[in-house]
Each structure stands twice: as structure tokens, then as C-alpha cells.
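Please read these notes alongside the model shown below. They take up the ligand site, then the nonpolar cores, then one annotated position.

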Amino acid sequence: LRDKYIQAIAGAEDEAALEALRLEAVGKKGEISLKMRELGKMSAEERQVAGPKLNALKDEINAALAAKKAALGDAALDARLREEWLDVTLPGRPMRTGSIHPISQVTEELTAIFADMGFSVAEGPQIDTDWYNFDALNIPGHHPARAEMDTFYMHRDEGDNRPPHVLRTHTSPVQIRHMEKYGAPCRIIAPGRVYRADYDQTHTPMFHQVEGLAIDRDISMANLKWVLEEFFAAFFEVDGIKTRFRASHFPFTEPSAEVDIQCSWEDGQLKIGEGDGWLEVLGSGMVHPKVLQAAGVDPSEWQGFAFGMGIDRIAMLKYGIPDLRAFFDSDLRWLKHYGFSS
Ligand code: PHE
């Protein structure tokens, strides 16, 4: 009996075979267990001889099982190590990494520049009511500016009594939302997506603006000019870049100005911050008293400037991108070329 099991255990090929042997020998119904049960039927003398022998045999078999089990485990580990070895000297497989979209990059750049001048970032919803997008900004229902903006209106089912919603046509509604919530004084920028039904080389139905708003007791157009010139110098990395303010009209500012930056155009090369050419980059002005009022800010105590600038436009200028539409085509080759790695 001993030889039979000791040999079988030595020859077991895997843990399953070993377990079968264990059950066969020392399991509840195993051969040795059955023999031990027979001890009870023996005479005392017989038992005194057979008992210790059987116990010793059982111990020996258990020890052999344990030793074999450990050996099998080691062998399995060796096999795995042999199979799964890794050549760390092999060159890595190329991995496709994403890159920062130029619009995101430019948004981060301008946010950092304005942050240095004390502006924090405010946000508003891209789907807004026509009150925030128009009325509160002194653009009443009949105003031609509503038609000019090529507004996307949200569809409403008959009987839906919620106020009309639009895809915001500019970031100016964030002025209202911010002042409503936090009052004056304030100094914020609000970058984000805006929407107008328009499409050609310089217009896409979705594009990006950054709104600026500074309200305090004695803020003037002079402060606006300084802030913008500081911004353009930092953004385009040219000291002393000139700006030109042209009188204009927006319902939500009075007076209003469109702002151009200095540029030159030689041999088909556009250079920002030199020469005597001008490029329009933003609309601005002193916040209209009616706008302050609509946002719950007292115009007899507070005043300030606001501006709205096209992010896509200044990104095109800074990085020499000729067609606005390419920003939003999701062409991977284009994105790789103009993308910025993090
Ligand atoms: N909201 C204006 C536009 O989209 C820009 C603007 C913002 C002008 C703030 C003046 C003040 O054209």
C-alpha cells in the first residue's frame, strides 16, 4: 500500500492528479481511512500493532502529498516565467497620443493672460433664454440685431409654455448672469461656444468668443484700452502693439467701439504688431445703463467696460491658419499638424 501511493504521488503530473490521489488514499472514503476504521473491529493486541503503523503511513503519505504539491507549484511558476518573459530591450510599439486642440490651447493662453490682470473665469449655458441673449442686453423683440444674428431658435411643441430658448449668439448673456448672481464690482472673462446660422471661409455655425467685463465705480474706456493692449502684447508676444478704436454701435454698450490691432501684410505674409495695416478683432464699449439695470446693478453707482472677442479669429492670426472651417472638420492630419502636445 505504501509503495503504491508513494510511487503514484511521485509520478502525479499535475495538481488535479495529486488531489485525486489524496482522496483515494487519505480522503474520507480513502483506502487508508477505511483501514483505520477497521481498527475498531480488531482485538486490542492487533490494534496496538496496526494502529501506529497506519498512523505513520498516513503521516508519510500526507507529507509526500505536500512535498509533491510544492514541487508542482514551483514547476508551474517556472513554466509561466519561461512563457511570459518580457524582453525589455525591445523598442516600444508606437502609441497614438492625442493633442490639445488649437482652440483649447488659445483659450488656456488667454485665460492665463487675463488672470494675471485679475480677471476670473465665468460661464453660462450654451442654450439660453432669449431674455438673457437679447432683452436683458437691450435688444428688444423688434430690434434688427436679432435678425442680423442669424439666431438658432430651439423648437417648442405647441402648448409648451417655457420661455423661448436660443443657442446663444454671443457670450454677452454671461455678463447678465454673472452680475445678477454676484453684483458689482466684478472683473471676469467668459470664454465659450456661440452659435449663428452662417457658413463660409471665415464663418462656422459654432464658433468661440471670449467676453470681458469689468465693473467698478470709476472704470473707463482708458482702462479698456490698457487691458486690451496688455492682452495683445502678451498673446501675440510683441511689445507695444498698437490698437485702433473705431466708433461703432452695440445695443448693450454706450459708447461702443470696434477694436483693430496693428498688422502688416508683405509678400503674402501677415505680421501682427507691426506696420500700418489694421485687423478687426473685437467689439467693445461701456456697459449700457439699461444692461446694468436688467442685471440688478445700480447704474448711478457702478460703471464699466465690456468686450467680446472671437477666439477662433485670434487663433487663426497667431498660428497662421487660413480657413476657420478646418478647426471643426476633425481631420486628424490637420489636428496633428496644428495640435499642441500637452
Ligand atoms: N456681443 C458682441 C458680438 O457678439 C460683442 C460685444 C461684446 C460688443 C461686448 C460689445 C461689448 O458681436
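1. How far does a polar side-chain atom of arginine 196 lie from an oxygen atom of the ligand? The separation is 2.9 Å, which falls within the limit for a polar contact (a pair of N or O atoms within 3.5 Å). This is a predicted model, in which local features need pLDDT of at least 70 and side-chain atom pairs count only at pLDDT 80 or more, while totals for chains, interfaces and linings use all residues. Residues are numbered from 1 along each chain as its sequence is written, and side-chain values use heavy atoms, with hydrogens and water left out.

2. Histidine 170 places a polar side-chain atom 3.0 Å from a nitrogen atom of the ligand, and serine 172 likewise has one at 3.0 Å from a ligand nitrogen. Taken alone, the ligand exposes 330 Å², of which the protein buries 91% (Shrake-Rupley areas, 1.4 Å probe).

3. In the largest nonpolar core (buried Ala, Val, Leu, Ile, Met, Phe, Trp, Tyr and Cys residues joined through side-chain atoms within 4.5 Å, buried being under 20% relative accessible area with a 1.4 Å probe, protein chains only), Phe114, Phe231 and Phe232 touch the most other members of the 43. Helix 9 supplies the largest share, 8 residues. Helices and strands here are DSSP runs (H or I, at least four residues; E, at least two), numbered from the N terminus.

4. UniProt, in an unreviewed entry, places a "binding site" feature at Glu254, although such annotations may be inferred rather than shown by experiment. Glutamate 254 sits in strand 7, residues 253-266, and touches Met286 and His288, leaving aside residues up to four places away in sequence (heavy atoms within 4.5 Å).

Notes
Buried < 20%, exposed > 50% of the residue type's maximum accessible area, 1.4 Å probe, protein only. Polar contact = N/O pair within 3.5 Å; in protein donor to acceptor, adjacent residues only side chain to side chain.
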